Amino acid sequence: MAFSKSLLSGEPLTRESFRHPPTAMGILPFWFWNGELEEQELEWQLREYRSKGIPGVFIHGRFGLKVPYVSDEWFRKVAFAVRKAKEIGIDTWVYDEMNWPSGTAERNVLKKYPHLAQRYLELVALKIDGPLFTFLEATDSRYVNTGDSHPVAAFGCTEEEYQNGIKNPIDLTQNLSFEKVLPWEAPPGKWRLLYFLEKEVPYYIDALNPESTRRFLEITHEQYKRAVGTEFGSVVPGFFTDEPAMHYYQVGVDNYAIPWSKQMFKIFRKRRGYDLRPHLPALYAPMGPETARIRYDFWRTLSEQYSETYYRQIRDWCDENGVIFTGHLLFEEWIRLHARCEGNLFHHLRHMHLIGVDHLYPKIGTEKEPDQHVAMKIGSSAAHHFGSTRVLCESMGGTYWDCTMERMKWIADWEYVLGVNLFNNHGYHYSIEGERKRDWPPSQFYHHPWWKHYEAFTGYMTRISHLLSGGRHVARILMLYPLSSIWTNYVPQHRTPVGNLIESEFNYLTDALLRLHYDFDYVDEETLSSARVGNGKINIRDEEYSILLLPPVTHIKKTSFEAMRKFVRSGGTIIADALLPVEFLETGAPGAAADVRRLFGVSPVTLLEEFEDGTSPKLKVLHRNTRGGVHLFHGKGLLNACCPPDVTVADEDVFYLHRIKDGQDVYFFVNTNRGGKGTVDISFQRAGIPELWDPASGETSPIQVFRVKNGRLHLALDFAGVQSHVVVLNGPIKRPHIAESTLRVEHFDGRRIVGTSASRKRVSATVSTNAGLRRVGVNAKRPLPPLRPGREFSFAIEDDNVLAIGNWKMKMDEGPDVRCTQNDFDDSGWLDVTNGAWETQLPQERDDPVYPVAIWYRTSFDAKTVPRNTRVLIDGFSGREYRLFVNGEPAEGGGKRSKLDAEIREIDIQPLVRTGRNVIAVRLVAARRTDGILDLLKIVGDFSVEEVRGRRSIIERVRRIKAGGWTAQGYPFYSGTGIYRMDFKVPEKYLEGRVSLEVDCG
């Protein structure tokens, strides 16, 4: 289909559009191109997407790809896929990298332009007991970790100063000799030699150098544009960039490395107007009153440079070429890592047409892991402030092969209730043959047994995406994004108490607000400074906030403080947590502490000193100025009385999102717990006629039981595990309506109430009329006892059954003899192995580890009957070639495409199988140490499997089973649909009322 602009802007919400949502609002998965990319297969897979209501995919090169990335052949495959996608009616977006992270075009940028490799600065802080002469070489790591590096500065200072504040550093930079050698004769005493080394990493670009992005665009974006021609910007709507960063060296640990660029001193001087070199020690150790300013200037310089050289350059290119820029950043969850790897996330996200985040693994944000909420709220907050109607989330990577659609809904609902509205599945594998199935599983594509029902999931996701895209988000709280304070307190080699407090409280407040049901947005200081302030409100685009929440901060910009003061003077409310700013940034004027004290009534310097001394209180409201609406608290508590809640929910695990769209108040409620909650009471500040809109079916129905008390609408909803509800308020409340009932009310026309109840007692209802409340009731009918039809069923499966074998005998081939394929061959001297990399299972290293090497494998299975249609799946036979033998006979031919996968072949072995013991032998030529038979051997066909004393045998198909797991009843490896059938009689008296079927599926 030609790209629909509604994907970016949403579409009007009506009952009809909710029932039949626009396809353009559907999910956009990653399509992992990881195999041969046969054209017939590409077309078939595109048609599978279309059949499940998926409007578009991202072409994404991945591990296992057999076509050279960004080669002429690659772009011919792309052009073919785009032509077919247009014919079929689906969009083909572009993921701009092979695997990840974006920026190198599978290192082609660095192969062609090696001078663009990433740099980082590392401090070698060498302890010296003087007097001592030191001759420190930066050519290798014989003595200390210098490596072969480029020295940029060197200083000496006493150990006491290094720990407590460097006041008189000795500049040793001019001592550099022989290019990379630093000689120094340290005086008596304990000293530190601070040797600053610029180092290079060969695997990533210098993202602070604008040429890096320019070359990346030439090799990727420009080539895609040339390959697809006139479909560029329509069938190919845009590009996804994935986890680029300004720093990609040992990012998972605290060390002495920080981001750098080849001309960092020039970049810094141009942006800040002074020389960075003499201030380098301040990035690792205190250097007096200027420490905070130097750190802030350094990290904001990096952030500004990176934002302009990477994100803005890609945005400008996309604008010029009429395509969309989307993607997500690295480490969105942890604000300390924002500082180290990305800088100010909001600076970068503002450059995206379609703002994105990511979330991996089968988990969601919790009280124990509140950081998981942070990425979602950063993405949605940036979208609200910068005008991105859609918020994309790369989801589901690493959620394991046992992933169900229920698990997918659980994660997606949580993402959506935090502001996401475009689901980007990670990912759909072209093939899962061999090692590919280990690439961030699962594949959520045709390989799964539930794929044939997948439109149930895509329909649900399309409907809630349509419902929650466009209109206006409703939240009253704005929380400051405290990156400036992280920068000023940041040292890369270890975490500090103040930094830990800022990050942990920021995460805690995020989770606490969600559980208290106070929705909020984050705001960065630039956005806050430019916001419209007045009448007790902060307005950013169409968002309106009445409370500003400050996590612990030590430094803010003076313009941010002025916005806060103006907000308070206009009647707004500020709640501050634990610490207050002791200094203003980007101003040379003193007086921050005095100004802050006048506003908050507490000395920020005293607060910081008490925290550092460990004397601050555990929980205390330190100041409350009700006249000015300023509150300061310390500890894990919130002042809930600052404003009436928009929504109250009587369970902290049920989250909500409120949007106003096309004149309707839309509330999305999600049970984030996988267990049931039963009935949950909910109230709304706005009172209107409540309706239940079912995103699974598209049906809308009135909520029959509700009441209005003190101007608030009250109702109750039942929440099973992973249950979601959509409540829409339409128009003023009219009487009569039911205020209370013991029935599950199904219909009320103003006179007659229809409903059901399992109660054996009297059922009743209270009706609110113009004359007041009226109570009515009737005696309930006694429910009949349940029918229990039995525990045995006839049973059938829709697909082949499987016998999986994982134990082998293995030996390296010592000649052309194939006697080892025979059943009576003695393999007792062979090595016992399992599926997996062959050489790692050898008991010792080979004397001559040359390749290629031929390997024999042997295994066996028993058959009590010769089944019908027996085949072997060739999955994970990793090597240059293989030969397969069954009972001494070769299974000739390469087989055909299996039903399971594009590149898992199946070979017919039916003529070779016999009753009794069957031996399978494989001769495989390995070309690397991780070759071998990597996966379970899978024999498929029309049979069942019996296990006796630990040995499994093929038997005739079991066609009747009892209630319970089918794995112990003939189907231990089957993954697919099973069909149970049972005949039973229902007495006539049971047909007079409602009959329900209750099945416990475990």
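**Group meeting: loops, sheets and salt bridges in a predicted model**

R107 sits in the loop between strand 3 (91-98) and helix 5 (108-112). Helices (H or I, at least four residues) and strands (E, at least two) are DSSP runs, numbered from the N terminus. The model is predicted, so local features need pLDDT of at least 70 and side-chain atom pairs count only at pLDDT 80 or more, while totals for chains, interfaces and linings use all residues. Residues are numbered from 1 along each chain as its sequence is written, and side-chain values use heavy atoms, with hydrogens and water left out.

Back to R107. Its phi is positive, about 65°, although R107 is not a glycine. R107 is partly exposed, because its relative accessible area is 45%; buried means under 20%, exposed over 50%, and partly exposed lies in between (1.4 Å probe, protein chains only).

L37 also has a positive phi, near 60°, and is a residue other than glycine. L37 belongs to the loop between strand 1 (30-33) and helix 3 (39-51). Is L37 buried or exposed? With a relative accessible area of 0%, L37 is buried.

Next, the cis peptide bonds. One runs from G130 to P131, with omega near 5°, and P131 lies in strand 4. Another joins P441 and P442, with omega about 10°. P442 is found in the loop between strand 14 (428-429) and helix 15 (455-467).

Now the salt bridges. A salt bridge here is a side-chain nitrogen of Lys or Arg within 4 Å of a carboxyl oxygen of Asp or Glu. How many does a search of the whole structure find? The search returns 72.

Take R119 and E200, whose closest N and O atoms are 3.3 Å apart. This pair links distant parts of the chain: R119 is in strand 4 (residues 117-137) and E200 in strand 7 (residues 181-205), 81 residues apart. R119 counts as buried at 6% relative accessibility, whereas E200 is partly exposed at 46%.

R272 and E304 form another salt bridge, again with the closest N and O atoms 3.3 Å apart. R272 is in helix 9 (residues 264-272) and E304 in helix 10 (residues 291-321), so described as distant parts of the chain, 32 residues apart. R272 is buried, at 18% relative accessible area, and E304 is buried, at 19%. Both residues also appear in a network of salt bridges that links R271, R272, E290, R293, D297, R300, E304, E308, E526, K557 and E586.

Within helix 10 there is a salt bridge between the side chains of D319 and R315, at 3.1 Å from N to O. D319 and R315 are four residues apart in helix 10, so about one helical turn separates them. D319 is partly exposed, with 42% relative accessible area.

On to the sheets. Two strands pair if DSSP finds at least two bridges between them. One open sheet has three strands in the order 18-19-20, with antiparallel pairing. Strand 18 (532-534) and strand 20 (543-545) stand at the edges with a single partner strand each, so one side of each has no neighbour in the sheet. From one strand to the next the twist averages 20°. Strand 18 is joined to strand 19 (residues 537-540) by three bridges, and R532 stands opposite N539 in strand 19.

Helix 19 (residues 558-569) lies across strand 18, strand 19 and strand 20, at about 35° to strand 18. For the angles, axes are lines fitted to C-alpha atoms, for helices over the stretch in contact, and the values run from 0 to 180 degrees between N-to-C directions. Contact means heavy atoms within 4.5 Å.

Strand 31 (residues 689-693) runs antiparallel to strand 35 (residues 724-730), with five bridges between them. I689 has N730 as its bridge partner in strand 35. Three bridges join strand 31 to strand 32 (residues 700-702), also antiparallel, and W693 stands opposite T700 in strand 32. The hairpin of strand 31 and strand 32 has six residues between the strands, and G698 there takes a positive phi near 85°.

Last, the surface. L787, F984, V986, L991 and V995 form a nonpolar patch, with about 460 Å² of accessible area together. Patches are made of residues with over 30% relative accessible area and no salt bridge; like charges are joined within 9 Å, and nonpolar side chains (Val, Leu, Ile, Met, Phe, Trp, Tyr) within 5 Å. Accessible areas come from the Shrake-Rupley method with a 1.4 Å probe, and for residues only the protein chains shown count as cover. F984 falls in the segment after strand 58 (978-981) and counts as partly exposed at 43% relative accessibility.
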